[in-house]
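Trainee: Please take a close look at one part of this model for me. I would like to understand the surroundings of the ligand.

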Amino acid sequence: RTAVLLFTRDLRVHDNPALAAACRAADRVVPLYVEDPGRRTNENQRAFLLAALDDLRDSLEALGGGLVVRAGDTAAQVAEVREATGADLVVCASDAGRFAASVLERLGGDAELRVAPGPAVVEPGRLLPSGGGDHYKVFTPYWRAWSQARWRETAPEPERLRVPDLPDSHALAPAEPTAADLPPGGERAGLARLDEWAPASGDYADRHDDLAGDRTSRLSPYLALGCLSARELAADPRLPEAMVRQLCWRDFHLQVLAAFPALTDTAYRSGANDVWETDMTALEAWKHGTTGIGIVDAGMRQLLAEGWMHNRARLITAGYLVKTLGLDWRDGAAHFAAHLVDLDEANNWGNWQWTAGTGNDTRPGRGFNHERQAGRFDPDEAYRRRWSLP
Ligand code: FAD
């Protein structure tokens, strides 16, 4: 039996449930990645993705296989590859959001479709609130349930892959990143970053908000495209509980997106005030880091330079846009989405809505004092100096 294994946001060979499932179910496996124009991304993330695909191809070749890369509509490409290889099974990982749902709906065609666990530690829908409902709306009870429910099922890495004659790949357009300083993409680079960071992560709980100290893991780009397994990280004894809690936030937003796929454009909280000012000049100044508010400008310039921003700076810059300027969270989220190398639909729009008070924040009316934040998290202005205009 031949299976098409569709890689999506699981660009790795270690702890990959879809890869393990395909190898279990079929004698021959056709590893495939489709760059689909319907998937939200940006040129910084594409640069990272192309490196991750090269790395994945190397790893699959080392196992005796290879990787077919195509561009176009995912379901149509899968159908073509199935026809070329005689595959009657399609295996891929689950995911949340409208794009993933539309792909999964049309993927199998007349073949059998198997959907393996996706990017979460705990699959959306597996934990349900005792009071009813199809997902948790508040983080703290979710964290409580998640911490108890967390389990570990390692997907074995195949010793050898058997592939049929693989059909041709398409040449993907080269990436045109806008950020000069991007991290190296791929599973091996992600594992190396993890091994470098883990032994130094002891002070994460105390220092993760220290803007200039830059003590967070910077694993987010690897998690966003699945170069690392979130399940494996959550069970890694070297990592502090405070960081594992952030992985729970990631799962939390994913289960919200799974239940509410309109998260990217519609206020999640019914009855939320979702009326905003329009001021193109203020919006442009915010985007370019020229508002004149040092801490906001520093964050926005880090985003442009690195395609990444410290979480505390994301909160400050987003809070400034929506709470101080009163501008629409959709515009802020779209700008982040155009630059973030770790762009993740659930995390970006979930956090934007949380900050705007239209999402899951239990205190949606709370203001955001950027000066106080700057004083607390950048007391000696080192972060502001690092990202000041030349
Ligand atoms: P660490 O502190 O080392 O955390 C480890 C991992 O936990 C991260 O890699 C990430 O996967 C997860 N995580 C951490 N904080 C959060 C959080 N608040 N919500 C959900 N998951 C979290 N994260 C993205 O991955 N993609 C996005 O597009 C994104 N957009 C954001 C937009 C706004 C307005 C805000 C406030 C936050 C956003 N985040 C996003 C969450 C967070 O800022 C980043 O995950 C974090 O800064 C990544 O750095 P790190 O890997 O060093 O994090």
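**The ligand and the domains around it**

Mentor: Start with the layout: the centres of domain 1 and domain 2, taken over C-alpha atoms, are 24 Å apart. This is a predicted model. The protein is divided into domain 1 (2–118), domain 2 (119–151 + 187–260) and domain 3 (280–386). Where domain 1 meets domain 2, 19 residues of the former are in contact with 17 of the latter. On the domain 1 side, eight of these residues are nonpolar, five polar and six charged.

Now the ligand. Domain 2 and domain 3 both give residues to its shell, so the ligand lies between them. The shell counts 28 residues, and the closest are Thr-216, Ser-217, Ser-220, Asn-348 and Asn-351. Four elements supply two or more residues: α8 (220–224), α10 (241–259), α13 (311–324) and α15 (345–356). By class, the shell holds 12 nonpolar, 11 polar and five charged residues.

Look harder at α10. Helix α10 provides the largest share of the shell, six residues. It also packs against another helix, α5 (residues 139–149): the two axes come within 10 Å and cross at roughly 110°. That angle makes α5 roughly perpendicular to α10. The crossing is right-handed. From α5, the contact uses Phe-139, Tyr-142, Trp-143 and Trp-146. From α10, it uses Arg-245, Cys-248, Trp-249, Asp-251 and Phe-252. Seven of these contact residues are nonpolar, none is polar and two are charged. So α10 has a part in two settings: the shell around the ligand and the crossing with α5, to which it is roughly perpendicular.

Key: Residues numbered from 1 in each chain as written. Predicted model: local features only at pLDDT ≥ 70, side-chain atom pairs only at ≥ 80, totals over all residues. Near = placed C-beta within 6 Å. Nonpolar A, V, L, I, M, F, W, Y, C, P; charged D, E, K, R; others polar. Domains from an automatic or database assignment. Contact = placed C-beta atoms within 7 Å. Axes fitted to C-alpha atoms, helices over the stretch in contact; angles between N-to-C directions. Parallel < 35°, antiparallel > 145°, perpendicular 65-115°, else oblique. Left-handed = near helix turned anticlockwise from the far one by under 90°.
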